[in-house]
Structures are given as structure tokens and as C-alpha cells.
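Dear colleague,

Please find the structure below, handed over for your records. A summary of what was found in it follows.

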Amino acid sequence: MPFKRIICPVDFSDSSLTAFETAVEMAQRDSAELLVLHVIEGRPVVSEWFPTHSLGEMTVRMEEKANQAVSTLLTCTAPKTEGLAVATMIVNGIPFVEILKQATTWNADLIVLGAIGATSVDEIIFGSTAERVLRGTACSVLVVRRGKFSPFPLRDEEA
């Protein structure tokens, strides 16, 4: 079954980068569109600890770093993504909620994500993002377990 719209959430952990590599390969195989999604997980902050203006500055810096990281990922993998329709999206929120929301909004037919991401205390207490995405989506999900991501050009040399 060929897929037409693939979402790949990345948090830049080894697992999510390996999932990204898999998503690119599947998108190439099926001539599918690929959405690279990064969720900036907001934390509640007590305003007495930080001045209000500092919170805004911190949010802007987080978004800038996320944009740089996504841009670097796409630049490093440009030879493998050439010819693909690749879109990127950076949002703030709870990762599994945003993944499910974007999968529905974007009408995805596949979500490719890493089994173990950059875990937070919330995930240890409430369960993994991958598990919640599996339970909450109507489309197919591929959970990529292991692997060490390396820049794609090096992979071609190994073959």
C-alpha cells in the first residue's frame, strides 16, 4: 500500500533521527509528501521566578533553536530529500497532542516516529509519546525502534 502523506515528528534524539531517515526512504519509495514536525514542549512556569519579559525571550530563543535544528537536518540530508515535497512545521504544545492534531489536519496516512525520544518527566509518569500516538490516531503508525542516525551520504558509502 503506497502512502501519500507522511508525518515524521522529530525531537532530535537518535531514535527520532532514525525514524526521519526511514520516513524519507518511504516517501521516496511512494512519491509521498513529507511533513517534518517538531513540537516545542512548553512547561508551566511560576511567574515570580522569571520576569514576564524573560519568558517571551526564552520562547523566542527556543523557537529559533528549533528552526535552526530543523534547517540543519534538512541541509545535511538534502541529497536524499531531493525531489521530495518536504514541509516543516514547528509548534508549541504537548507532543502526542500536536502529532495527532497535525495528522488529522494534514490528512496524513502514515506517522513515522521513534520509539524512544528525548524523554521528559511527564512521559515517565504518563507514558510515551509513541504509545499515545498509536492509541489516538486513525492512520497507520510506524514506530522505529533502534538505530544510530548518520548523515545519509555516509550510508551510501557503506552499501
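In this predicted model, helix α6, residues 129–136, lies across β4 and β5 and runs at about 165 degrees to β4. The two strands beneath this description are themselves partners: β4, residues 110–114, pairs with β5 in the parallel sense over 5 bridges. Within that pairing, valine 112 has leucine 142 of β5 as its bridge partner.

Both strands belong to an open sheet of 5 strands, paired in parallel and ordered β3-β2-β1-β4-β5. Because β3 (85–92) and β5 (140–144) each have a single partner strand, they stand at the edges, and one side of each is left without a neighbour in the sheet. From one strand to the next, the twist averages 20 degrees.

A further helix, α4 (residues 95–105), lies across β1 (5–9), β2 (33–40), β3 and β4. Its direction is at about 150 degrees to β2.

As regards confidence, the protein chain has a mean pLDDT of 83, with 75% of its residues at 70 or more. Confidence is highest in β1, at 97, and lowest in helix α5 (residues 121–126), where the mean is 42. Over residues 120–127 the pLDDT is below 50, and this stretch has 8 contacts in the model beyond near neighbours in sequence. Residues 152–159 also have pLDDT below 50, with 12 contacts beyond near neighbours in sequence. Where pLDDT is low, the predicted coordinates should not be read in detail.

With kind regards

Methods:
Residues are numbered from 1 along each chain as its sequence is written. This is a predicted model: local features need pLDDT of at least 70, side-chain atom pairs count only at pLDDT 80 or more; totals for chains, interfaces and linings use all residues. Side-chain values use heavy atoms; hydrogens and water are left out. Two strands pair if DSSP finds at least two bridges between them. Helices (H or I, at least four residues) and strands (E, at least two) are DSSP runs, numbered from the N terminus. Axes are lines fitted to C-alpha atoms, for helices over the stretch in contact, and angles run from 0 to 180 degrees between N-to-C directions. Contact means heavy atoms within 4.5 Å. pLDDT is the predictor's confidence in each residue, from 0 to 100.
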